[in-house]
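Thanks for coming. I will take the two chains in turn, then the place where they touch, and finish on a few local features.

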Amino acid sequence: MIEAKHLTKRYGKTLAVNEVSFTVKPGQVTGFLGPNGAGKSTTMRMILGLDTPTSGDVMVDGKPYRELADPLRSVGALLDAGAIVGGRSAASHLTWLADSNGIARRRVSEVLDIVGLSDVAGKRVGTFSLGMNQRLGIAAALLGDPETVMFDEPINGLDPEGILWIRNLMKSLASQGRTVFLSSHLMSEMAQTADHLIVIGRGRIIADAGTDEFINRHTAPSVRVRAVEQADLAETLTQRGALIESGSDGAMVVTGMDSAAIGGAASAYDITLIELAPLGSSLEDAYFDLTKDESDYHAGQLVDATKGA
Amino acid sequence: MSTATHTIDAIHFTAPAPPVRSSPPSWTLKSEWTKLRTLPSTWRTAVAAVSISVVLGAVLCISQANQWATMTAAQRATFDPTACSLGGFFLVGAVLLGALAVRTVTAEYSTGMIRSTFTATPTRRRVLGAKAAVTAAFAFPVALLAAVVSFEVGQRVFAGKHLQVSFGSPGVLQALVFAALAVSFVAIIGVGLGGLIRHTAGATTALVLVIVGGAVLGQFLPAGLRQYLPGTALEAAVTVHWSAGLLKPGTAIVVLGAYAGIALVAASLRVTHRDA
């Protein structure tokens with residue numbers, strides 16, 4: 001359980017995190033979503049007692065992190081998988097971590113096994129690929145068998161197999177009743193992994209809701225429609241408050257009415273429908289809609305590229 | 001959280017550990033020792049420190065022995081075969097071991113691993129204290145070995161001119177132990193400078209200036225102040241034949257210990273009050 005209250009961090013004139021309050025509950029995957037530079041990492045560093053808040057506070061299991069006696073048994077965190085001295089072996093890296101919290105050394109080989117690095121336990125970390133570093137970071141986070149796990153952008157640089165593995169791991173940790181807090185700037189990833197979303201933009205919380213609820217609230221479902229009497233249908237639907245855009249191939253994209261309502265309106269006016277297809281709503285649309293004013297920099301083409309992916 | 005029931009699976013602990021109220025400092029010491037001994041560069045540094053100290057010491061002794069014939073009576077009177085044989089040790093061995101101590105801190109800052117360290121042990125002064133204790137404890141036997149072998153090789157060189165002293169000669173054993181102790185304090189100063197400066201190059205340069213720079217800077221200072229410079233105190237710690245302008249060896253060790261303490265406290269304050 002993580003509880004932040006009016007958490008604020010100021011660097012000179014920049015307000016990196018602004019009066020942020022949220023609770024991360026056990027038993028579910030909570031996504032911490034926001035564009036780069038929104039304040040996700042700063043918030044996570046404050047949770048871990050690495051950065052001191054300018055004001056406000058954040059508790060882990062009811063205590064400030066720095067007061068935890070053996071913090072690795074309470075919270076396992078992966079902030080930056082590359083932040084590691086490369087000269088040691090993977091097993092040695094985990095051994096010093098285990099020693100620092102009085103964790104039995106046999107746990108080192110257990111977690112290496114969980115993340116699939118047993119075969120390279122004796123290899124220098126400096127020779128590891130990004131994906132292997134990421135797995136080692138997760139092994140380190142699991143070392144103390146913590147009730148709370150926290151991962152900052154864990155899928156960065158991973159191949160599809162690795163992404164799937166992490167996604168399943170998060171879900172299984174949550175299903176065991178643990179608190180799973182996961183940051184990402186990738187909306188599509190969050191849609192598939194997170195049960196709950198905390199969206200941050202420019203240092204402020206702009207949404208805190210269940211993933212489904214978030215989608216429903218922030219996206220307008222749209223329907224693709226073609227009809228023989230297309231102009232008549234357009235007029236009828238507009239009168240009923242729908243918003244109509246013309247698609248490139250002659251179809252209309254209708255927002256503000258679902259397909260049942262459109263079908264009903266068509267039949268009431270004896271309009272023959274050729275096509276009636278719900279387009280669904282994308283979480284990414286909701287995210288971009290919500291954060292477009294909050295993002296520090298607007299890279300239009302970049303956003304479009306991500307959207308298309 | 002405590003009410004949550006867990007399914008048995010591979011992720012779970014085989015046997016839950018008993019809860020601990022506050023972490024014992026021995027965990028941090030053990031952890032820092034694991035860090036130090038599992039870096040191959042630690043052992044390479046130790047081997048380099050001993051071998052270069054011995055070879056350079058021998059070269060300096062050969063040079064001194066060859067100059068003996070042309071030395072003045074005054075120079076001969078203050079000639080210290082013990083200190084001379086440790087010349088290479090102080091020029092290189094102490095610097096290498098000090099730089100190793102610097103890197104125990106700066107390598108973690110430059111890679112960002114310091115965040116893992118402070119996440120595992122949030123009491124940061126304890127982390128620095130453990131690094132200082134562990135590197136000093138590692139430096140002591142390595143430095144003692146370097147000093148003893150340098151001394152022995154040096155005396156064999158001097159034996160050719162019948163200038164040698166032996167382990168049993170007055171003040172020699174103390175000088176060798178003080179040499180190792182002095183390098184342990186240099187290691188602690190290195191940890192302190194690492195915490196204050198955080199960059200390997202900067203902190204190592206600062207350490208070299210502290211050890212060697214004193215000799216250069218010292219010429220502009222009155223002798224009364226000069227003898228308290230770390231570099232001069234280091235030189236004084238191993239003298240068997242006391243000479244003017246140097247502290248007594250015991251005093252010199254105390255002065256070096258004070259420098260180590262100041263560096264460590266300053267670094268602890270700095271590291272604790274700064275975001276990691």
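**A kinked helix, and what surrounds it**

Helix α5 of chain B has a kink of about 35°, centred on B:R103. Please keep in mind throughout that this is a predicted model. The helix covers residues 87-111 of chain B, 25 residues in total. From first C-alpha to last, α5(B) reaches 35 Å, close to the 36 Å expected at 1.5 Å a residue. As for its surroundings, 20 of the 25 residues in α5(B) are buried, and the helix is mostly covered. Just after α5(B) comes B:G112, with a positive phi of about 95°.

The other helix I want to show in chain B is α8, residues 172-197. How does the span of α8(B) compare with what its 26 residues should give? At 1.5 Å a residue the expected figure is 38 Å, and the end C-alpha atoms are 37 Å apart, so the two agree. α8(B) is also mostly covered, with 21 of its 26 residues buried. Here too there is a positive phi to point out: B:R198, just after α8(B), takes one of about 70°.

Now chain B as a whole. It has 12 helices and zero strands. Reading from the N terminus, then, the order of elements is α from start to end. The C-alpha atoms of chain B fill a box of roughly 85 × 35 × 30 Å along the principal axes. Of the 276 residues in chain B, 48% are buried. If you take the contacts in chain B between residues at least 6 apart in sequence, 79% of them join residues at least 24 apart.

**Chain A**

Chain A has 12 helices and 13 strands. Its C-alpha atoms fill a box of roughly 75 × 45 × 35 Å, again along the principal axes. Chain A has 309 residues, and buried residues make up 45% of them. For contacts in chain A between residues at least 6 apart in sequence, the share joining residues at least 24 apart is 69%.

The domain assignment splits chain A into domain 1, residues 2-217, and domain 2, residues 220-280. Taken over C-alpha atoms, the centres of these two domains of chain A are separated by 45 Å.

Within chain A, I would look at strand β8, residues 196-201. Are the faces of β8(A) covered or open? Both are covered: A:H196, A:I198 and A:I200 are buried on one side, and A:L197, A:V199 and A:G201 are buried on the other. That accounts for six of six residues in the strand.

β8(A) has partners. Strand β3 of chain A, residues 28-33, runs parallel to β8(A) and is joined to it by four bridges. Strand β9 of chain A, residues 204-210, runs antiparallel to β8(A), with six bridges between them. A:H196 takes part in both pairings: A:T30 has A:H196 as its bridge partner in β8(A), and in β9(A) the bridge partner of A:H196 is A:G210. The hairpin of β8(A) and β9(A) has two residues between the strands, and in it A:R202 takes a positive phi near 50°.

A second spot in chain A is A:M150, which sits in strand β6, residues 148-152. Why does A:M150 count as buried? The cut-off is 20 or more other C-beta atoms within 10 Å, and A:M150 has 26, so it is buried. Leaving aside neighbours within four places in sequence, A:M150 is in contact with A:M44, A:I47, A:V75, A:A77 and A:F181. One more pair to note is A:M150 and A:M170: they are 20 residues apart in sequence, and their C-alpha atoms are 9.9 Å apart in space.

**Where the chains touch**

The contact takes 39 residues from chain A and 37 residues from chain B. On the chain A side, α2 (71-74) and α3 (90-100) each supply at least two residues. Which element of chain A gives the largest share of that side? It is α3(A), with six residues. By type, the chain A residues that touch chain B divide into 18 nonpolar, 12 polar and nine charged.

That is what I have to show.

Conventions
Residues numbered from 1 in each chain as written. Chains lettered and ligands numbered in written order. Predicted model: local features only at pLDDT ≥ 70, side-chain atom pairs only at ≥ 80, totals over all residues. Buried ≥ 20, exposed ≤ 12 C-beta atoms within 10 Å, placed from the backbone. Pairing = 2+ DSSP bridges. Expected span 1.5 Å × (residues − 1). Bend = angle between axes of the 7 residues up to and from the residue. Domains from an automatic or database assignment. Contact = placed C-beta atoms within 7 Å. Nonpolar A, V, L, I, M, F, W, Y, C, P; charged D, E, K, R; others polar.
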